[in-house]
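Q: Hey, got a minute to go through a structure with me? I'd like to talk about how its parts fit together.

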Amino acid sequence: MSCTTLFEQVLDPDNRANPYPLFAELRRQPVCRQEDGTYVVSTHAEIARLISDPRISSEDLPDPQKFRWTGHPITDLFVRPIRAEIRRRHQPFIFRDPPDHDRLRGLVMRAFSPERVRRMREETTDLTNELIEKFAGKARIDLVDDFSYPLPVTVICKLLGVPPEDEPQFQGWATQLATALEPNQRADAETQAKNEQCFTEISEFLRDLIAKKRDEPQDDILTDLANGSDSGDADTERMNDFDLVATAVLLLVAGHETTVNLITNSVLTLLRFPEHWQRLRDDSAIAPRLIEEMLRYEPPVQYRTRLAIADIPIAGVTIPKDAPVVLLLASGNRDPNRFADPDRFDPDRSDNRHLGFGGGLHYCVGAPLARIEAEVALVALAKRLNNPRLVEDPPPYRPGASLRGPRHLCLSFDGIAAG
Amino acid sequence: MSEAPSGAPERIVVVGASLAGLSAAHALRGEGFAGSLTLVGDERHAPYDRPPLSKQVLRGLFSPDTTLPRHPDLNAEFRLGTPASSLDLDARTVSLGDGTTLPYDRLLIATGTRARPWPKSDEASLDGVFTLRNRDDATKLSGRLKAGPRRVVLVGGGFIGFEVASTCRDLDIPVTVLVRDGQPLEAALGPRLGGLVGEIARERGVDLRLGAEIERMEAEGGRLTGVTLKGGERIEADIVVAAIGAVRNVEWLEGAGLAADEGGVLCDGYCRVLRQNGDIVPDVFAAGDIARWPNPHQDEALVAVEHWGNARAQAKAAARNMLAGPAAGLARHDHLPDFWSQQFGLTIKLVGLTEGADSLVIAHGSLEERRFVALYGREGRTVAAASIDSARWLPAYAAAIRERAPFPPISDAVDQPRLRIEEP
Ligand SMILES: Cc1cc2nc3c(=O)[nH]c(=O)nc-3n(C[C@H](O)[C@H](O)[C@H](O)COP(=O)(O)OP(=O)(O)OC[C@H]3O[C@@H](n4cnc5c(N)ncnc54)[C@H](O)[C@@H]3O)c2cc1C
Ligand code: HEM
């Protein structure tokens, strides 16, 4: 079978529960042109190569509504390009190339310090236990709504310095804006309109908050980003307000649904292979390896899109300039040329250089935080849920094919153990 | 061409128990070799890593114990503190300095190099005159640096010398670097980038002298007190570090009939050593700093690549080929040379070989920013790429070098200035 329509099938919600057989077919041709001109890259070596190739851009991803001449010279030649340029300049750094990307990311990395992230462990533990306490007296929960969803948004709000009373609103925004990172939803007009509305609201909120952080600095990321560091000159050491808002939104959005999916996918997978659930219950020290394997086996970010800005010869084909490129991370993670027995869930594998957090210059900023959140959550769930069972397998999935994860995960169980 | 060795090997001997030797031992076990495995090393230390010696160890950040990790199931016999003294190809034996003889079915020569000693032996033996190749050198030198010398004089414009100079500056020790020919690091990076690193070194307080040489050293009671340069200038100093290159450890092979000289032990692309008449010796292999072989990335010119990455890759290739039966076919050692160095707060990386390069472009960043990727071309082909503090794109350029892509290989890339071809 030709591979030229396979990616369309990957996008088809009917294949959401198990896209992996499609990936295996795609891998027969590591770089395959789809009918719409997109090039899908599905093998580990080729993804790893392109993720660090200077001919691959994260900027100017193809405009969802393809450029159409309005016939109006002022609109076509003047208004639109300027608007596009403004939009480009205010993109968060996940959608920008060096050197801008590096400057913005560098500032974030400084604020996202290892100590700060480590300090979140305790808070996450408390939060997790609070959420689990609420399961008391129930025989059945929806893990997504009752647990996975509230956790990451609260954690990132604490880290950023969003007041607790504003968290519920933040959660709503995060959910809506996650679609902006979802390549196949970004395209539809209704979603776009909603996102724009939502972005306006969150921007206003953040601008106020940033002003407060400048008046009354606190120990949080937003304060650091808003005030810059004390050393060096202000221009390079501080973000402008547009970038500041875009960055704060990025941190919220990039760390939200991804972490929700990691926790939910993990519970789903561990209940499918209950011997591993039991192992985790007996020995929480295996959690980090379990989580790495989860990031390989069921990665929350299944693919990322890029743009070829020059012809790129690779694996027997040439990706032409201006072609959209899909890096199918989840398929690279199942590549038998890279991982022995790739479809087996095996937390004991010794060589697990998965692509779950991406790679190269856009490698996930939040990886250490995500690892802590998932570890704390899974260890507590395994310890405290008595005899949990999946009510429905496969569960219903959210529509996204890139940020892929269950919409609900209903569990029944025999009460909770003391924390 | 001589025949493949008969039968699967039962006894493998590795001479030289350092990076290449240990990597080969690991690879042999990894490939399933279950017979007896002996590593002979003249140093008394278990195999250890050298790159940190001129960097973190000298700085006092790491302990001098840079022992390389060893697999618990390696199951090899280590004959440490024992040099190999001769090789008999016909009897298939290696004689050791302690009078014992080891028979082998396959032999790996991995005796590497040693620091080139200061040519005047009376000066070389002065208290305060150092070279740096092994752990004991690093321990002694770092002790002396800690004592706060008035000034260190470094002789040589290579990477190790520059790393030592950088460490001295980190420790706030005055340092003079004497480079006899051309620019610093010129052999690896060419005059342009070498000159830039020299400029950076100067900014960091290094007293860099180009075209300078020591006429003589001065001492009192056997202790170094200073040096006089050719031309007459005298520099007060307590320490001289001679980083003037390496000498290959081939003496023990004298009389064995191998094509081995100061250029190294000659082997083919499959790591099999050659006799003086050019015949292949099918059961003796070489890897690491000691080896010289036709390099596919340099038009099959005979080169030795004295880099960490090559020692590991070549050891692996040699190990595979030692075990390959006649049917399995031999694996060509086609590793693309790569190298890194840390100095003056910069990370310098290099892939490919710049030898003979006739053109250079800055493909990302700029020399002024001191963050860039530079590409080297030779006769219209891309042969090497060097980066300072921006290694992220190197893999793409490494692929281009491997494919011998036209120069310059990639244009219209992210964060790329307009390409201007210049002299390297
Ligand atoms: C200070 C320093 C810094 C470096 N930094 C870098 C760096 O940043 N990046 C990089 O790519 N490379 C670096 N290198 C180079 C790298 O360390 C070498 O390429 C590597 O060590 C080569 O390994 P080898 O096993 O081939 O040789 P060696 O490490 O030289 O080992 C050979 C061993 O054989 C022993 N031997 C010699 N003769 C005999 C005999 N007759 N019998 C028994 N044993 C014998 C020697 O004593 C030695 O232990 C550095 C080297 C030094 C010295
Ligand atoms: C399980 C959880 C997570 C997964 C699987 C994940 C995955 C990824 C992946 C694959 C990328 C690469 C995107 C690309 O190459 O285009 C990425 C980037 C990013 N992630 Fe995460 N992420 C997770 C959690 C988080 C968290 C908790 C945060 C922050 C709070 C975060 C912040 C970011 C940011 C800012 C980027 C952009 C980095 C850049 O462009 O340089 N992520 N993430």
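**Domains and chains in contact**

A: Sure. Domain 2 of chain B and domain 3 of chain B bury about 780 Å² between them, and 63% of that is on carbon and sulfur atoms. Keep in mind that this is a predicted model.

Q: OK, and which residues of domain 2 of chain B supply the most area against domain 3 of chain B?

A: Arg192(B), Leu193(B) and Leu196(B). They supply 55% of the area that domain 2 of chain B buries there, more than any other three residues.

Q: Back up a bit: how is chain B divided?

A: Into three pieces: domain 1 is 11–114 + 247–323, domain 2 is 117–244, and domain 3 is 354–402.

Q: And how many Å separate the centres of domain 2 of chain B and domain 3 of chain B?

A: 29 Å, taken over C-alpha atoms. As for who takes part in the contact, domain 2 of chain B gives 10 residues and domain 3 of chain B gives nine residues.

Q: How many salt bridges does the rule find across that interface?

A: Two salt bridges between domain 2 of chain B and domain 3 of chain B. Separately, if you want a pair to look at, Arg370(B) forms a salt bridge with Glu203(B), with the closest N and O atoms 2.6 Å apart. The rule also finds four residue pairs in polar contact across the interface of these two domains, both residues at pLDDT 80 or more.

Q: What's the mix of residue classes on the domain 2 side?

A: Where domain 2 of chain B touches domain 3 of chain B, there are seven nonpolar and three charged residues, and no polar ones.

Q: Switching topic: what does UniProt place at residues 11–315 of chain B?

A: The unreviewed entry has the feature "domain: FAD/NAD(P)-binding" there. In the model, that span of chain B is 23% helix and 31% strand, and its end C-alpha atoms lie 17 Å apart.

Q: Now the two chains. How much area do chain A and chain B bury between them?

A: About 1,200 Å², with 62% of it on carbon and sulfur atoms. The contact takes 14 residues from chain A and 15 residues from chain B.

Q: What about salt bridges and polar contacts, how many between chain A and chain B?

A: Three salt bridges, plus two residue pairs in polar contact, both residues at pLDDT 80 or more. The side of chain A that touches chain B has seven nonpolar, two polar and five charged residues.

Q: And what does Glu403(B) form a salt bridge with?

A: Arg49(A), the closest N and O atoms being 3.9 Å apart.

Key. Residues are numbered from 1 along each chain as its sequence is written. Chains are lettered from A and ligands numbered from 1 in the order in which they are written. This is a predicted model: local features need pLDDT of at least 70, side-chain atom pairs count only at pLDDT 80 or more; totals for chains, interfaces and linings use all residues. Side-chain values use heavy atoms; hydrogens and water are left out. Domain bounds come from an automatic or database domain assignment. Contact means heavy atoms within 4.5 Å. Buried area is the accessible area (1.4 Å probe) that two parts lose on being put together, summed over both. A salt bridge is a side-chain nitrogen of Lys or Arg within 4 Å of a carboxyl oxygen of Asp or Glu. A polar contact is a pair of N or O atoms within 3.5 Å; within protein, one must be able to donate a hydrogen and the other to accept it, and residues adjacent in sequence count only if both atoms are side-chain atoms. Ala, Val, Leu, Ile, Met, Phe, Trp, Tyr, Cys and Pro count as nonpolar, Asp, Glu, Lys and Arg as charged, and the others, Gly among them, as polar. UniProt positions are given in the numbering used here, feature names are shortened, and annotations may be inferred rather than shown by experiment. Helices (H or I, at least four residues) and strands (E, at least two) are DSSP runs, numbered from the N terminus.
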